[in-house]
Amino acid sequence: MAFKGSSLDFVAGIYVDADGALDVVADTSTIAPGTQETFVSCCFSDPSIDSGNVAFRADFGMNVGGIYAEVDGALDVVADTNTLVPGTQEPFLFFGEQTPSIDAGNVAFEAGFGMNLGGIYAEVDGALRVVADTGTPVAGGQEVFLIFGEPSIDAGSVAFWALFGFPGDVRGRGIYVEADGVFDVVADDSTIVPGSQETFVFFGEPSIDTGNVAFQAQFGFPNSGIYAEVDGALGVVADTSTLVPGTQEPFLFFGEQTPSIDAGNVAFLGLSPDAGIYAKVDGRLVEILREGDSLDGKTVSFLELGPDSLSGNEIAFHAGLDGVDSGIFVATVPEPHSTLVGVFAITAVALIAALRRTA
């Protein structure tokens with residue numbers, strides 16, 4: 001598990017918990033690779049983790065920063081403001097505040113390099129390449145990508161959110177996957193929402209795993225949901241017509257945090273009206289934890305998930321306690337049981353036993 005943390009004396013950094021041992025990936029005493037300066041406390045992004053390798057964005061001076069990755073224990077720069085944008089003679093100008101994504105040591109990130117110029121880039125097998133930029137045609141048409149969101153990478157495929165159209169003329173938006181230079185539209189604002197007669201109107205950031213993609217979207221206020229394309233088929237994970245597990249009330253809204261997908265299963269944040277963490281595993285929807293529940297003997301006051309939160313049957317998350325304390329926790333998704341009463345009784349016991357503090 002990787003996370004961003006800070007102390008009251010302005011020490012901040014990226015930390016990793018591996019098999020119960022807490023280690024520093026980088027903090028304000030770490031020299032930024034390729035420089036003589038240390039990272040500054042203000043500007044660490046949330047990290048991304050895969051197989052113990054960690055990627056993050058950080059600054060090492062005033063408006064000077066980059067994307068970094070610790071792979072096999074070695075910290076290196078993926079791209080910074082001294083790195084030339086592939087195919088140009090210009091260096092990167094900014095990296096935004098989005099979290100980069102790492103998989104098998106390969107890293108995808110969003111960046112800009114000039115006036116209204118930017119894109120999604122990936123370092124794959126040590127080589128930096130353009131995934132899509134503001135000159136890239138959308139699905140082979142005349143329109144081009146204009147603005148990009150946070151990417152997600154897996155097995156060399158990159159999923160991202162983008163606006164498209166012509167310079168100064170936004171025509172639409174969608175979720176896309178790029179693999180070997182070929183683009184696939186997961187969903188855009190001409191896509192019919194599964195289970196409805198309406199089209200999507202807004203998209204959140206996607207996450208990708210083995211070609212499957214999960215994302216949050218809206219299709220008309222106040223209708224929204226979590227959706228996943230699994231094995232090429234787009235379906236509903238949960239939407240505002242879905243009943244909250246154990247109740248007769250539907251979800252009211254879904255947070256803007258990126259859902260997490262692993263092996264076709266999805267973890268997400270839903271509001272009903274309190275925020276809660278839910279997972280759809282093997283076709284069944286379960287509640288993990290919600291605001292107002294007890295955790296470590298205190299009351300949960302807020303919950304946060306990340307795009308890498310779900311791994312197997314475990315979900316990592318950030319929780320606030322009593323409105324004062326906070327911590328990083330892991331919950332184990334409970335196994336199904338034969339009767340409805342048994343599901344919720346045993347699930348509650350299983351969750352209390354499975355939640356453990358790691359930071």
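This text goes through the sheets, cores and cavities of a predicted model.

The N-terminal part of the chain can be taken up with strand 1 (2-6). Strands 1, 2 and 3 make an open sheet in the order 1-2-3, with antiparallel pairing. Strand 1 and strand 3 (21-27) are the edge strands, each with a single partner strand, so one side of each has no neighbour in the sheet. On average, and with direction ignored, neighbouring strands here are turned by 35° against each other.

The pairing can be followed residue by residue. Strand 1 is joined to strand 2 (residues 12-18) by five bridges, and Phe3 has Tyr15 in strand 2 as its bridge partner. On the other side, strand 2 pairs with strand 3 over six bridges, again in the antiparallel sense. There, Asp17 is bridged to Leu22 of strand 3. The hairpin of strand 2 and strand 3 has two residues between the strands, and Asp19 takes a positive phi near 55° in this hairpin.

Further along the chain, Ser51 sits in the loop between strand 4 (48-50) and strand 5 (53-61). Is Ser51 buried or exposed? With a relative accessible area of 72%, Ser51 is exposed, because the cut-off for that class is over 50%. Ser51 can also be placed relative to the sheet described above: from Ser6, 45 residues away in sequence, the C-alpha to C-alpha separation is 24 Å.

Another open sheet is built from four strands in the order 8-9-10-11, and its pairing is antiparallel. Its edges are strand 8 (101-103) and strand 11 (127-133); each has a single partner strand, so one side of each is left without a neighbour in the sheet. From one strand to the next, the twist averages 30°. Inside this sheet, strand 9 (residues 106-114) and strand 10 (residues 117-124) run antiparallel and are joined by seven bridges. One of the residue pairs is Val107, which stands opposite Glu123 in strand 10.

The nonpolar interior comes next. The largest nonpolar core has 21 residues, and Ile277, Ile288, Leu295, Leu303, Ile315 and Phe317 are those with the most contacts inside it. Two or more residues of this core come from each of strand 24 (265-271), strand 25 (275-281), strand 26 (284-290), strand 28 (298-304), strand 30 (314-321) and strand 31 (325-332). Apart from this core lies another, of 16 residues, including Ile175, Val186, Phe203 and Phe219.

Empty space remains to be located. Rolling a probe the size of a water molecule over the atoms shows where such space is left. How many cavities of 30 Å³ or more are there? The count comes to two.

The largest cavity holds about 70 Å³ of space. It is lined by Ser48, Thr99, Pro100, Ser101, Glu150, Pro151, Ser152, Glu205, Pro206, Thr258, Pro307 and Asp308. By class, this lining has four nonpolar, five polar and three charged residues.

The second largest cavity holds about 30 Å³. Its lining consists of Ile67, Phe95, Gln98, Thr99, Pro100, Phe109, Glu110 and Pro151. Here the classes are five nonpolar, two polar and one charged. Thr99, Pro100 and Pro151 appear in the linings of both cavities.

Notes:
Residues are numbered from 1 along each chain as its sequence is written. This is a predicted model: local features need pLDDT of at least 70, side-chain atom pairs count only at pLDDT 80 or more; totals for chains, interfaces and linings use all residues. Side-chain values use heavy atoms; hydrogens and water are left out. A nonpolar core is a set of buried Ala, Val, Leu, Ile, Met, Phe, Trp, Tyr and Cys residues joined through side-chain atoms within 4.5 Å. Buried means under 20% relative accessible area, exposed over 50%, partly exposed in between (1.4 Å probe, protein chains only). Two strands pair if DSSP finds at least two bridges between them. Axes are lines fitted to C-alpha atoms, for helices over the stretch in contact, and angles run from 0 to 180 degrees between N-to-C directions. On a 1 Å grid over the protein atoms alone, a cavity is a set of points where a 1.4 Å probe fits but cannot get out, and a pocket is an open set with protein on both sides within 12 Å along at least five of seven lines; lining residues have an atom within 4 Å of a point. Grid points are joined across faces, edges and corners, and a volume is the space filled by probe spheres set on the points. Ala, Val, Leu, Ile, Met, Phe, Trp, Tyr, Cys and Pro count as nonpolar, Asp, Glu, Lys and Arg as charged, and the others, Gly among them, as polar.
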